[in-house]
Amino acid sequence: MDHLIKVLVVSSLPISEIRGGLPLALYYGFEPAEAYLIAFIGNILPIPFLLLLLDYLISFATRIGFVNRVYGRILERVERRKSIVEKYGYIGLILFVSVPLPVTGAWTGVLIAFLLQLNRIKAFISIAAGVCIAGIIVLLASLGVISIAGFIK
């Protein structure tokens, strides 16, 4: 049970998401399908809450100078990456979230959906679909079935 909680927590964090939780679950000995499901659930667990509460959370948190500066930097990065979502809409959001690279996961997808004022239900479905695809890519790479950019063999 302890390993399950660790995988859920790592998968729900904005830096690691499914890219970190899924390999961790495999490391702990979970079967691939089980590892995928646990990491997927962990990754999408915070998303509905973020979609619903992000406006409030941002207005509250940015009152703190350090948080406001960090949020400003995050916004700059998101602004540079939101063009695919602006161009292709919800399909673009799926594609953006599905790329298993830093700053392209569900948390950034939520921020882009928030900034573009996308429908929250459609955004959640798109983000979940992107996490699903990213999870498949990470699982296949973790099992050695595919190689990502020559870094994993």
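# A walk through an eight-helix model

Asp2 is partly exposed, with a relative accessible area of 48%, and this residue makes a convenient place to enter the structure, which is a predicted model. The side chain of Asp2 meets that of Lys6 in a salt bridge, with 3.3 Å from N to O, and Lys6, like its partner, is partly exposed, at a relative accessible area of 36%. Both residues belong to helix H1, which covers residues 2-12, and because they stand four residues apart in that helix, about one helical turn separates them. Side chains of opposite charge can pair when their charged atoms come close. How many salt bridges does a search of the whole structure find? The search finds one, and the pair that meets in a salt bridge is Lys6 with Asp2.

From this local pair the view can widen to the whole chain. The protein chain contains eight helices and zero strands, so that its pattern, when it is read along the sequence, is α-α-α-α-α-α-α-α. The radius of gyration is 16 Å, close to the 15 Å that the globule rule gives for 153 residues, and the chain is therefore as compact as a globular protein of that length. Taken along the principal axes, the box filled by the C-alpha atoms is roughly 40 × 35 × 30 Å. Of the contacts with a separation of 6 or more, 66% are between residues 24 or more positions apart, and 38% of the 153 residues are buried. The area that the protein chain exposes comes to about 8,800 Å², of which carbon and sulfur atoms supply 69%. As for charge, there are 13 positive and 8 negative side chains, and the centres of these two sets lie 8 Å apart.

Helix H1 offers a second residue to follow, namely Leu4, whose place is in that helix. At 25% relative accessibility Leu4 counts as partly exposed, since a residue has to fall under 20% to be called buried. Leaving aside residues up to four places away in sequence, Leu4 touches Phe30 and Ile38; residue 38 falls within helix H3, which runs over 32-44. The C-alpha atoms of Leu4 and Asn68, by contrast, are separated by 33 Å, with their positions 64 residues apart along the chain.

The loop between H1 and H2 holds Pro14, which counts as partly exposed at 38% relative accessibility. With residues up to four places away in sequence not counted, Pro14 touches Arg19 and Trp107. Measured against the start of the chain in sequence terms, Pro14 and Met1 are 13 residues apart, while in space they are 22 Å apart, C-alpha to C-alpha.

Beyond this loop comes helix H2, where Glu17 has its place. Is Glu17 buried or exposed? At 2% relative accessibility, Glu17 counts as buried. Its backbone also deserves a careful look, for Glu17 has a positive phi of about 50° although it is not a glycine.

The next stop is helix H7, residues 106-115, where seven of the ten residues are buried, so that the helix is largely enclosed by the rest of the structure. The buried residues are Ala106, Thr108, Gly109, Val110, Leu111, Ile112 and Ala113. What covers these buried residues of H7? The cover includes helix H2 (17-27), helix H3 (32-44), helix H4 (47-61), helix H5 (65-81), helix H6 (83-98) and helix H8 (120-142).

Ala113, which lies in helix H7, shows this setting at the level of one residue, being buried with a relative accessible area of 2%. Apart from residues up to four places away in sequence, Ala113 touches Leu51, Leu93, Leu118 and Ala123. The C-alpha atoms of Ala113 and Glu86 are separated by 9.7 Å, the two residues being 27 residues apart along the chain.

Just after H7, the backbone reaches Gln117, which takes a positive phi of about 55°. The place of Gln117 is in the loop between H7 and H8, and this is again a positive value in a residue other than glycine. While Glu17 counts as buried at 2% relative accessibility, Gln117 counts as exposed at 70%, so the two positive phi values discussed here belong to residues on opposite sides of the burial scale, given that exposed means over 50% and buried means under 20%.

Terms used: Residues are numbered from 1 along each chain as its sequence is written. This is a predicted model: local features need pLDDT of at least 70, side-chain atom pairs count only at pLDDT 80 or more; totals for chains, interfaces and linings use all residues. Side-chain values use heavy atoms; hydrogens and water are left out. Buried means under 20% relative accessible area, exposed over 50%, partly exposed in between (1.4 Å probe, protein chains only). Helices (H or I, at least four residues) and strands (E, at least two) are DSSP runs, numbered from the N terminus. Contact means heavy atoms within 4.5 Å. A salt bridge is a side-chain nitrogen of Lys or Arg within 4 Å of a carboxyl oxygen of Asp or Glu. The radius of gyration is taken over C-alpha atoms; the globule rule is 2.2 Å times the number of residues to the power 0.38. Accessible areas come from the Shrake-Rupley method with a 1.4 Å probe; for residues, only the protein chains shown count as cover. Lys and Arg count as positive and Asp and Glu as negative; His and the chain ends are not counted. The place of a charge is taken as NZ of Lys, CZ of Arg, CG of Asp or CD of Glu.
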